[in-house]
Every structure is written in C-alpha cells, then in structure tokens.
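Me: I'd like to learn how to read strands and pockets in a model like this one. Could you walk me through it?

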Amino acid sequence: MREYLLTRIKSRYVGLVVLTLLSTKAILAQTTFTKSAASFGLDFGQPKDGGHAWSDFDNDGDLDVLVLENNNSQNIKSFLMRNNGNNTFTNVQATLVPGMLGDWAERQAVWEDINNEGKLDFIINSSGNNNARKAIQIFI
C-alpha cells in the first residue's frame, strides 16, 4: 500500500512538472516579429514574388541565402546572398554564378550536393512557359 501511495504521489509531481514546463514554454515563445530585411541587406526595394533557400554554401558557419524574384523591372531575378558574418549580406551572384538566367517566375530552389564532390549545388525551378524560359536550372 505504501509503495502504491509513493508511486501515485510521484506521478502527480511529474504531471505538475510537465504542466509547469509546458506553460513556461508558452510564456517564453516569441509572439511578435518585426520586418528587418533592410537592416540585413536583404530588402531589394522592389516587389518580391519568388522563393528562397538557405544554406551555408561557403562553409564559414553562417547561413547564406538564395533569393528568387519574379516581379521586378530589372533583368536581375535571382540573388545569391553571402552572409558577411556581421548580420549583413552581399550579392555574389554575378561572380559565383554568372550563368544564372535573368528569367522570371522562379519559384523554388533547393541546395544539395548533387554530384557528391563535397560542395553544395542548387537547383532552381521556374515556370518554363515558353521556349525562351528554362523550367529547371541546375548549378554545380
């Protein structure tokens, strides 16, 4: 009988501890966000209607981002943004992937080591809705 009571008391305490932890999680959760793309150098000053994919392509420990744009008046539709390590980003698309097309309607990208050589590659898909537009671009 005594063991039964001790087990029941311990179970009740475990339940209280779990309940306390769950309620604390809700209190500590971030509930508001502030737009801060400009402070990171990621606000391109034009309508954004594309996708993005985050990766550490240069293996420096900071996340870099590939930003795809669909709706701007320039011929630049994709931005390969290297993280400078100080909360700012620099577009390195022209020097690292000059063959990236200035096509529109790019929607998604994914990073992966496609050819297993130890470096990240990426794939972009776009509408490909006429002969001039490529539906998939692969950069190795």
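Me: Along E1, which side chains point to one face and are buried, and which point to the other?

Reply: Happy to help, and keep in mind that this is a predicted model. In a regular strand, side chains alternate between the two faces of the sheet. Here, Ala53 and Ser55 of E1 point to one face and are buried. His52 and Trp54 point to the other face and are not buried.

Me: In what order do the strands of the open sheet come?

Reply: The order is E1-E2-E3-E4, four strands with antiparallel pairing. Strand E1 (52–55) and strand E4 (89–91) are the edges, each pairing on one side only. From one strand to the next, the twist averages 20°.

Me: How many bridges join E1 to strand E2?

Reply: Four bridges link E1 with strand E2 (residues 64–68), and the two run antiparallel. Trp54, for instance, has Val65 in E2 as its bridge partner. At the other edge, strand E3 (residues 78–83) pairs with E4 over three bridges, again in the antiparallel sense. There, Arg82 has Thr90 in E4 as its bridge partner.

Me: Now the pockets. Which residues lie nearest the centre of the second largest pocket?

Reply: The general idea is that rolling a probe the size of a water molecule over the atoms shows where empty space is left. The second largest pocket has a volume of about 220 Å³. Its lining has 13 residues, with Phe57, Trp111, Leu120, Phe122 and Ile140 nearest the centre.

Me: What classes make up the lining of the second largest pocket?

Reply: Nine of the lining residues are nonpolar, one is polar and three are charged.

Notes. Residues numbered from 1 in each chain as written. Predicted model: local features only at pLDDT ≥ 70, side-chain atom pairs only at ≥ 80, totals over all residues. Heavy atoms only, no water. 1 Å grid on protein atoms, 1.4 Å probe; cavity = no way out; pocket = protein on both sides within 12 Å on 5 of 7 lines; lining within 4 Å. Points joined across faces, edges and corners; volume = space filled by probe spheres on them. Nonpolar A, V, L, I, M, F, W, Y, C, P; charged D, E, K, R; others polar. Pairing = 2+ DSSP bridges. Axes fitted to C-alpha atoms, helices over the stretch in contact; angles between N-to-C directions. Buried < 20%, exposed > 50% of the residue type's maximum accessible area, 1.4 Å probe, protein only.
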